[in-house]
Amino acid sequence: MRRSILPARTEGTPRRQRRVVALLGALVLVLAGIIGLTQTVGTASADASDYTQSVAQLNSTQAQITFKPTTAAAYVDVHYLVNGANQQNVRMTNNAGVWTQTVSSLTTGTVLDYWFTYEKSGPQYDTPHFSYTQGSGSTTGGGTGGTGTTVATPTFSPAGGTFSSAQSVTISDATSGASIRYTLDGSTPTASSTLYSAPLNISASTTVKAIGIKSGSTNSAVATASYTIGSTSASCPTQSDTPNFGSNVHIYDPSMSSATIQAQLDAQFAQQKDTQTAQFSNNRVAQLFKPGTYNVSDNVGFYTSVAGLGQNPDDVTINGDVTVDAFNASDAGNATQNFWRSAENLAINPSSGTDRWAVAQAAPFRRIDVHGGLALYPASYGYASGGYIADTKVSGQAASVSQQQWYTRDSNLGSWAGGVWNMVFSGVNGAPANTFPNPPETTLATTPVSRDVPYLYVDSAGKYRVFLPSLRTNASGPSWANGSTPGTSLPMSQFYVVKAGDTAATINTALSQGCNLFVTPGVYHLNQTLNVTKANTTILGIGYPTFVPDNGVNAMQVADVDGVRLKGLLFDAGTTNSAALLTVGPSGSTASHAANPTTIQDVFFRIGGQVAGKATTSLIVNSANTIIDHIWAWRADHGSGVGWTSNTADTGLIVNGANVLATGLFVEHYQKYEVVWNGQGGKTIFFQNEMPYDPPNQAAWVNPNGQNGYAAYKVGANVTTHEAWGLGSYCYFNVNPAVNSYHAFEVPNTSGVKFHSALTVSLGGVGTITHVINDTGAVTASNTTPSNVVSYP
């Protein structure tokens with residue numbers, strides 16, 4: 001998110017923080033938000049009878065791609081790679097129902113890998129991939145290619161599995177004349193991938209992917225085989241119970257002097273403090289306090305995790321403050337860029353009676369016992385843009401003041417004060433009554449399903465363990481309100497500690513051996529997909545460890561298994577487009593995991609800001625019953641590599657699994673539908689969104705139904721049961737204020753799809769949203785006041 005736009009700003013002045021409007025006594029504060037871009041989402045597979053397609057060589061350097069739909073199409077997009085690189089996505093030119101696109105700068109032997117997205121009577125469809133080689137003449141075909149056939153899917157011998165020694169792997173294809181292209185790094189093969197010509201020697205754990213290709217035919221489906229080499233056991237090789245966590249993890253003991261600890265905390269804060277220099281740096285820090293009492297104050301900067309190492313919050317007490325504020329002169333008193341920092345599992349006795357946690361996105365406050373009040377706004381009463389609390393006690397008053405939206409889950413509050421646009425509570429004792437929109441408080445008595453985060457602690461023998469809280473249903477109050485949090489624990493001997501020097505290969509080896517992962521602060525580049533295949537795997541990050549996929553690989557894939565726990569990770573898109581950063585379950589997953597779901601907690605996604613990152617979709621959830629508990633998916637609106645055609649991203653979240661629950665969903669600035677929910681029985685409690693700031697014009701931002709813009713949250717047309725509470729979507733089309741979005745929420749008109757407490761806002765009146773949900777709700781006002789819908793239908 002965000003940059004505020006200060007009142008004195010003139011056109012051309014860089015925007016540093018976003019605008020927020022907050023009512024504070026007689027003051028009106030203006031809030032502004034920023035979100036990102038994406039491409040097509042929620043498409044279905046094409047039918048072969050829907051179209052014909054061809055490529056014709058025009059001359060030695062040009063070829064023309066042609067697509068003719070059987071039914072007139074509102075639009076046709078062609079996607080193509082030249083020799084497997086530099087994917088282009090182009091709206092084709094319509095000539096009396098025949099759509100064309102000319103590709104230039106080709107040479108003899110250049111390979112085009114291409115496919116289409118087209119509209120048919122409202123929905124949109126994706127074709128299979130096709131290939132064309134310049135100099136081979138023209139290719140012509142229907143939906144299934146020129147011969148009406150699809151190449152057979154390649155097969156592997158031996159099939160994937162676990163082996164004690166290296167394997168010679170043969171790949172074959174049943175289609176006569178087909179060639180095979182393959183990859184060994186987890187990426188999806190294309191027509192330009194390595195040509196298979198002889199058996200592969202697989203001597204280390206590797207995932208092999210292959211496709212069959214034949215000119216004039218549709219490329220085969222992707223075949224995948226995973227080989228685990230060197231282990232016949234799924235048991236993690238024993239690790240240390242007192243591991244070396246590396247130089248970015250700082251562990252404090254109450255026997256250390258307060259002055260020594262304070263000096264170290266201050267030095268780390270100085271490194272992580274500055275919004276201008278630290279926000280997109282590679283520095284990462286974790287500050288861990290062993291059980292005891294500490295007389296220190298901790299200012300928390302970027303990419304810093306502060307946590308107690310007790311089994312319960314009151315095992316570690318800070319007599320002082322754990323503070324986030326508008327620390328820098330460049331912040332101009334605003335907290336709108338206070339991202340990526342966390343506090344967890346400790347007690348605070350605030351020095352002045354009130355602790356201050358003035359944050360924006362990706363800054364969770366979990367398992368904290370505040371013996372006093374909690375201020376969620378800057379000391380300057382400046383702008384603030386939304387945050388998250390869970391499993392926490394505040395004995396005094398929690399005050400939001402200038403925060404426009406906030407979500408609190410499974411906590412106890414002495415009282416609550418504040419409300420700008422939507423304050424949301426579930427399972428919170430001491431929460432205000434449900435009175436949206438006046439005052440704008442949305443309150444649920446319980447949280448339907450929750451499972452608190454895994455966390456590191458030290459046992460009585462001085463050994464490290466990871467505690468795994470139990471699943472809760474209809475939860476209310478902290479999990480530790482009546483004693484220790486229910487659950488089980490694992491010794492660190494079952495965790496592989498990921499630290500500087502680890503690669504995707506070493507991490508995958510640990511996963512294939514049955515290890516859990518404890519990921520320490522750092523930036524980890526991945527040249528292959530991380531594959532989580534075993535049930536009940538825990539991946540616990542501290543200090544915002546960051547996974548960056550290189551060369552277009554998908555960063556992480558989780559199998560459709562029980563009980564995977566992902567916590568405390570940042571996925572930062574690389575400069576070559578990834579199809580998805582994180583996928584949970586393969587497409588078509590149907591198994592129920594209600595008794596032991598996968599949880600995705602404090603997991604964040606970034607497209608651009610540090611580099612010109614690209615990813616079509618950030619998170620895809622195919623597994624049923626998954627719990628998404630606090631994510632921020634952000635296409636950057638500031639930083640490096642930012643622009644409509646630079647940090648490209650279609651969609652933040654696609655949910656295909658049934659009975660998925662999202663608690664604390666922050667998704668911003670994607671270029672197409674930002675959330676697409678296709679699974680039945682889904683629920684969302686709290687949604688905060690800003691539409692992309694930067695559509696260059698209306699023609700560049702029109703949805704498949706021909707309406708202006710894309711909804712921020714789309715429920716699939718075939719969904720019959722879905723429910724959501726406490727949702728807000730804002731627009732600020734500063735590149736072209738004439739841009740409009742027809743609505744923020746697009747849902748089927750059926751009684752089983754229900755929305756509660758939804759709103760839209762135009763920040764400063766820069767651009768408009770015509771309706772809130774479908775055709776319901778007023779157009780956004782020019783004075784930054786919300787258009788509210790209490791319930792729908």
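Q: Before we look at this predicted model, what counts as a salt bridge?
A: A salt bridge is a side-chain nitrogen of Lys or Arg within 4 Å of a carboxyl oxygen of Asp or Glu. In this predicted model, the count comes to 14 salt bridges.

Q: Which residues are linked in a network of salt bridges?
A: The network links Arg366, Arg409, Asp410, Asp452, Arg472, Asp602 and Asp629. Take one pair in it: Arg472 and Asp452 have their closest N and O atoms 3.9 Å apart. Arg472 lies in strand β41 and Asp452 in the loop between β38 and β39, so this pair ties together parts that are 20 residues apart in sequence.

Q: Why does Arg472 count as buried?
A: Buried means under 20% relative accessible area, and Arg472 has 18%. Asp452, at 2%, is buried too.

Q: How do I find empty space inside a model?
A: Rolling a probe the size of a water molecule over the atoms shows where empty space is left. Here there are two cavities of 30 Å³ or more, and the largest holds about 200 Å³ of space. Its lining has 21 residues, and the closest to its centre are Ser305, Glu344, Gly541, Ile542 and Lys567. By class, the lining has eleven nonpolar, seven polar and three charged residues.

Q: Which side chains meet Glu344 and Lys567 in a salt bridge, and where do they sit in the chain?
A: They meet each other, at 2.7 Å from N to O. Glu344 belongs to strand β29 and Lys567 to strand β50, 223 residues apart. Glu344 is buried, at 9% relative accessible area, and Lys567 is buried at 7%.

Definitions and conventions: Residues are numbered from 1 along each chain as its sequence is written. This is a predicted model: local features need pLDDT of at least 70, side-chain atom pairs count only at pLDDT 80 or more; totals for chains, interfaces and linings use all residues. Side-chain values use heavy atoms; hydrogens and water are left out. On a 1 Å grid over the protein atoms alone, a cavity is a set of points where a 1.4 Å probe fits but cannot get out, and a pocket is an open set with protein on both sides within 12 Å along at least five of seven lines; lining residues have an atom within 4 Å of a point. Grid points are joined across faces, edges and corners, and a volume is the space filled by probe spheres set on the points. Ala, Val, Leu, Ile, Met, Phe, Trp, Tyr, Cys and Pro count as nonpolar, Asp, Glu, Lys and Arg as charged, and the others, Gly among them, as polar. Helices (H or I, at least four residues) and strands (E, at least two) are DSSP runs, numbered from the N terminus. Buried means under 20% relative accessible area, exposed over 50%, partly exposed in between (1.4 Å probe, protein chains only).
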